[in-house]
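Trainee: I am new to this structure and should be grateful for a close look at one part of it, set in its surroundings.

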Amino acid sequence: RRDRRMIGMMIVGPLVQLIVLGYAANLDVNDIPLVVVDRDRTSASRELIDAVRATGYFQLHAAASFRAAEAMVERGEVRAILRFPWDFDGSGKLQLIADGSDSNSAQLVVGQLSATLREHLLQNSHPPLELISRSWFNPNLDDRDFFVPGIMSNVVLIATMILMAMKVVRESGHG
């Protein structure tokens, strides 16, 4: 209490860190560049592509061939490839390939795209297996509310260590 600057550092420093880190750290899935290779070009494949586009999570790019799509991934232009084979309308099979160089974002991309495709297929067709996907405790998949408590504990830990170090240095300087 004797050092007014120390009180400012104890209150203002952690608050600034909490606000900055709370907005900087996020794992939200937004604006993911995705390339689509549609070899089927039927109404079924176009409906599925429109459903992916309608989510707003993906920036869709088109590629004429799989090799062109692979090149886009290698150049870092897109994070994933959604590939419709020639017989997609008959087989219902499609391929999703994600760039695994960043495993966390690849898992997020695959998860979001899989959920979108699954939801569209369940609403518009009768698959042999019924899948139900549900997000408990975080239905909007916003992670900021869950990062802030963790960041707060780290900020308090760091602030405590800095204050102790400053106190030790100040005490040893007067000795």
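What pattern does the chain follow, read along the sequence? With that in place, please take me closely through helix 2.

Mentor: The model is a predicted one. Read along the sequence, its chain follows the pattern α-β-α-β-α-β-α-β-α-α, with six helices and four strands in all. The chain has 175 residues, and buried residues make up 27% of them. Among contacts with a separation of 6 or more, 70% are between residues 24 or more positions apart. The accessible surface comes to about 12200 Å², and carbon and sulfur atoms account for 58% of that.

Let us turn to the helix itself. Helix 2 covers residues 43-54, which is twelve residues; at 1.5 Å a residue they should span 16 Å, and the end C-alpha atoms are indeed 16 Å apart, so the expectation and the model agree. Five residues of helix 2 deserve attention: S45, L48, I49, A51 and V52 are buried. These residues cover an arc of only 155° around the axis, and they therefore lie on the same side of helix 2. The background is that an α-helix has 3.6 residues a turn, so residues three or four places apart point the same way. After the helix comes G56, which has a positive phi, near 80°.

The next matter is what helix 2 packs with. The largest nonpolar core has 14 residues, and those that touch the most other members are L34, V52, F58, L82, F84, L113 and L117. At least two residues of this core come from each of strand 1 (32-38), helix 2, strand 3 (80-84) and helix 5 (103-124). In soluble globular proteins, nonpolar side chains tend to be buried together. L117 shows the arrangement well: leaving out residues up to four places away in sequence, L117 touches L48, V52, L82 and L94. Another core, of nine residues, lies apart from this one and includes F66, A69, V73 and I81.

A second residue worth following from helix 2 is H120, which belongs to helix 5. With its neighbours within four places in sequence set aside, H120 is in contact with E47, L48 and A51. The relative accessible area of H120 is 14%, and because the limit for a buried residue is under 20%, H120 counts as buried. L48 thus appears in two lists, being touched by L117 and in contact with H120.

Helix 2 also carries a salt bridge, one of three in the structure. It joins D50 to R53, whose closest N and O atoms are 3.0 Å apart. The two residues are three places apart in helix 2, so about one helical turn separates D50 from R53. D50 is partly exposed, at a relative accessible area of 44%, and R53 is likewise partly exposed, at 47%.

The remaining two salt bridges may be set beside that one. R75 pairs with E77, the closest N and O atoms being 2.6 Å apart. Here R75 is exposed, with a relative accessible area of 53%, while E77 is partly exposed at 39%. The side chains of D99 and R79 meet in the other bridge, at 3.3 Å from N to O. This pair links distant parts of the chain, 20 residues apart: D99 sits in the loop between strand 4 (95-98) and helix 5, and R79 in the loop between helix 3 (66-74) and strand 3. D99 is buried, with a relative accessible area of 17%, whereas R79 is partly exposed at 22%.

For comparison, one may look at helix 1, residues 4-24. Its 21 residues reach 30 Å from the first C-alpha to the last, close to the 30 Å expected at 1.5 Å a residue. M6, P14, L18 and G22 are buried in helix 1. Q17 lies 8.5 Å from M152, C-alpha to C-alpha, although 135 residues part them in sequence. M152 is found in helix 6 (residues 144-174) and is partly exposed, with a relative accessible area of 41%.

To return to the part you asked about: helix 2 has its buried residues on the same side, supplies at least two residues to the largest nonpolar core, and holds the partly exposed D50 in a salt bridge with R53.

Notes: Residues are numbered from 1 along each chain as its sequence is written. Side-chain values use heavy atoms; hydrogens and water are left out. Buried means under 20% relative accessible area, exposed over 50%, partly exposed in between (1.4 Å probe, protein chains only). The expected span of a helix is 1.5 Å times one less than its number of residues. The arc is that of the directions from the helix axis to the C-beta atoms. A nonpolar core is a set of buried Ala, Val, Leu, Ile, Met, Phe, Trp, Tyr and Cys residues joined through side-chain atoms within 4.5 Å. Contact means heavy atoms within 4.5 Å. Accessible areas come from the Shrake-Rupley method with a 1.4 Å probe; for residues, only the protein chains shown count as cover. A salt bridge is a side-chain nitrogen of Lys or Arg within 4 Å of a carboxyl oxygen of Asp or Glu.
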